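Reader: I have a model on my screen and I'd like to learn how to read it. Could you walk me through a few features, one at a time?

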Amino acid sequence: MPDQRAAANAPAATLPTEPERMTPRDVVIVGGGFAGLACARRLGRSGLSVTVIDRSNHHLFQPLLYQVATAALSPADIAEPIRRILGRFPSVEVLMAEVVGVDVEARRVRLADGNPIAYRRLVLAPGSRYDYFGHTDWEASAPGLKTIDDARRIRSRVLMNFETAEASLDPAEQERLMTTVVVGGGPTGVEMAGALAELARWTLARDFRHIDPTTARILLVEAGPRLLGGFPEPLGDYARRRLEGLGVTVLTGTPVEDIRPDGITLGGEDLPVGMVVWGAGVRANPAAAWIGVEPADRSGRVRVGPDLSVPGHPEIHVLGDAALAEEDGRPLPGLAQVAKQQGEYLGTVLPALVAGDGTAPPFHFKDRGNTAVIGRNAAVFDFGRRQLKGRFAWLLWAIVHVYLLVGFEKRLLVALQWLWRYFTYQRGARIIR
């Protein structure tokens, strides 16, 4: 065994000095999400010098974040330290820092600590955040689901609302506290509404003595004409029927007019609520502003060419939610599978580009289907020419999501917890913090 005392007395690793940071790295990657991580892993096998920069120290599997928010999983089940994932690649270094801009002419990434990092090639994959359509004041009362802190905040507030309702002597206040509104009828909203309904009607059903959690109201509000607008209409209709079967009130064609800490205004009517969860739209993180180009659309994305580089800046590539990439004249959707494939593609072609060996072939997206889970034994899968719904789609959804988790340990833990939850109807992460 290694000498633990020697290890304890070993000198601590030091941060790179400014001259070291000014030695250009072959590739600097901003963002440790699906795109950035996939790119870094491919590049790690090439031996190129790579620096991955992220504000967090972990890679987060966002498709399952709603399960943390509804007490089905713990944060550690769906997050993995970036250093652990990339630690086996000696040429890849990880820096936990916040990017504030890019000096395009000098080829330097500017950080909040004031120490820039020089690059030969830059990969921007900063992801996205929720868009409140000009109502930034709503964010305080209606958190979205993008980070572990968001999920913890939602979980604690939902659970605390039931605890407060149990202690209240006012029936109207109890009703308000047990009313939750989910804004947005896309996959996130549908999954969140279904999970909240199952939490109230099954997991919490027998835990209280002065309130009945099964009477909790869950409202799913969508401004458009139907749920799951990116899916074929029959799948959206199926999702609505299944949610209504769980007791969720679905309101389509209903825009939000105002959100307050204790209420929401829908169609001119004020509704007292205990919690609002936002999932109505996303906006790219400011990659366009960093490199001084005009956003290509209202979501703030950067237009990229067939090789995912920025027109006029062949040394800069943008991936994932921050990129407006088109194929056959249509923008690629902001999905995890798109981001991951883009990262893998760029990690494969960049070594030759850095060496100056020719040009990269165009990126082609392989659509492996779009999916959303509605609740127990209910999900939808859209493969383009073929669609699935029901129990088989639910099983396929579970298999795919377990497979996509980083690391065998995470896959095993999540699979076992899902099996336990399926047979017991219980959730083990009901901690209020």
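Reader: Let's start with helix 3. Which residues of helix 3 are buried?

Author: First, some ground rules. This is a predicted model, where local features need pLDDT of at least 70, side-chain atom pairs count only at pLDDT 80 or more, and totals for chains, interfaces and linings use all residues. Residues are numbered from 1 along each chain as its sequence is written, and side-chain values use heavy atoms, with hydrogens and water left out. Now the terms: buried means under 20% relative accessible area, exposed means over 50%, and partly exposed is in between (1.4 Å probe, protein chains only). Helices (H or I, at least four residues) and strands (E, at least two) are DSSP runs, numbered from the N terminus. In helix 3, the buried residues are Phe34, Ala35, Gly36, Leu37, Ala38, Cys39, Ala40, Leu43 and Gly44. That is nine of the eleven residues in 34-44, so helix 3 is mostly covered.

Reader: Next, two helices that meet. At what angle do the axes of helix 12 and helix 13 cross?

Author: Axes are lines fitted to C-alpha atoms, for helices over the stretch in contact, and angles run from 0 to 180 degrees between N-to-C directions. Here helix 12 (residues 391-404) and helix 13 (residues 408-424) have axes that cross at roughly 150° and come within 9 Å. That makes helix 12 roughly antiparallel to helix 13. For the labels, under 35 degrees counts as roughly parallel, over 145 as roughly antiparallel, 65 to 115 as roughly perpendicular and the rest as oblique.

Reader: Which residues make that contact?

Author: Contact means heavy atoms within 4.5 Å. Helix 12 brings Arg391, Trp394, Trp397, Ala398, His401, Val402 and Tyr403, while helix 13 brings Arg411, Val414, Ala415, Trp418 and Tyr422. Sorted by class, the contact has nine nonpolar, one polar and two charged residues. In that scheme Ala, Val, Leu, Ile, Met, Phe, Trp, Tyr, Cys and Pro count as nonpolar, Asp, Glu, Lys and Arg as charged, and the others, Gly among them, as polar.

Reader: What about empty space? How many cavities of 30 Å³ or more are there?

Author: Picture a 1 Å grid over the protein atoms alone: a cavity is a set of points where a 1.4 Å probe fits but cannot get out, a pocket is an open set with protein on both sides within 12 Å along at least five of seven lines, and lining residues have an atom within 4 Å of a point. Points are joined across faces, edges and corners, and a volume is the space filled by probe spheres set on the points. By this rule there are two cavities of 30 Å³ or more. The largest cavity holds about 70 Å³. Its lining includes Val158, Phe162, Leu199 and Met275, with helix 6 (148-167) and helix 8 (187-203) each giving two or more residues. By class, that lining has ten nonpolar, two polar and no charged residues.

Reader: And what lines the second largest cavity?

Author: That lining is made of His59, Phe61, Asp77, Ile78, Ala79, Glu80, Leu405, Val406 and Lys410. The volume of the second largest cavity is about 60 Å³, and its lining divides into five nonpolar, one polar and three charged residues.

Reader: Now a pocket. Which residues lie nearest the centre of the second largest pocket?

Author: Trp394, Trp397, Trp418, Arg421 and Tyr422 do, out of 26 lining residues. The volume of this pocket is about 470 Å³. Among the elements giving two or more residues to its lining are helix 12 and helix 13.

Reader: How do I read a single residue in a strand? Is Val181 buried or exposed?

Author: Val181 is buried, at 0% relative accessibility. You'll find Val181 in strand 10 (residues 179-183). Leaving out residues up to four places away in sequence, Val181 touches Leu219, Val221, Ile264, Leu271, Val273, Met275, Val276 and Val277.

Reader: Last one: backbone angles. Which sign does phi of Leu228 have, positive or negative?

Author: Most residues other than glycine have a negative phi. Phi of Leu228 is positive, near 50°. Leu228 sits in the loop between strand 11 (217-222) and helix 9, and is buried at 0% relative accessibility. Arg107 also has a positive phi, of about 55°, but is partly exposed at 34%.
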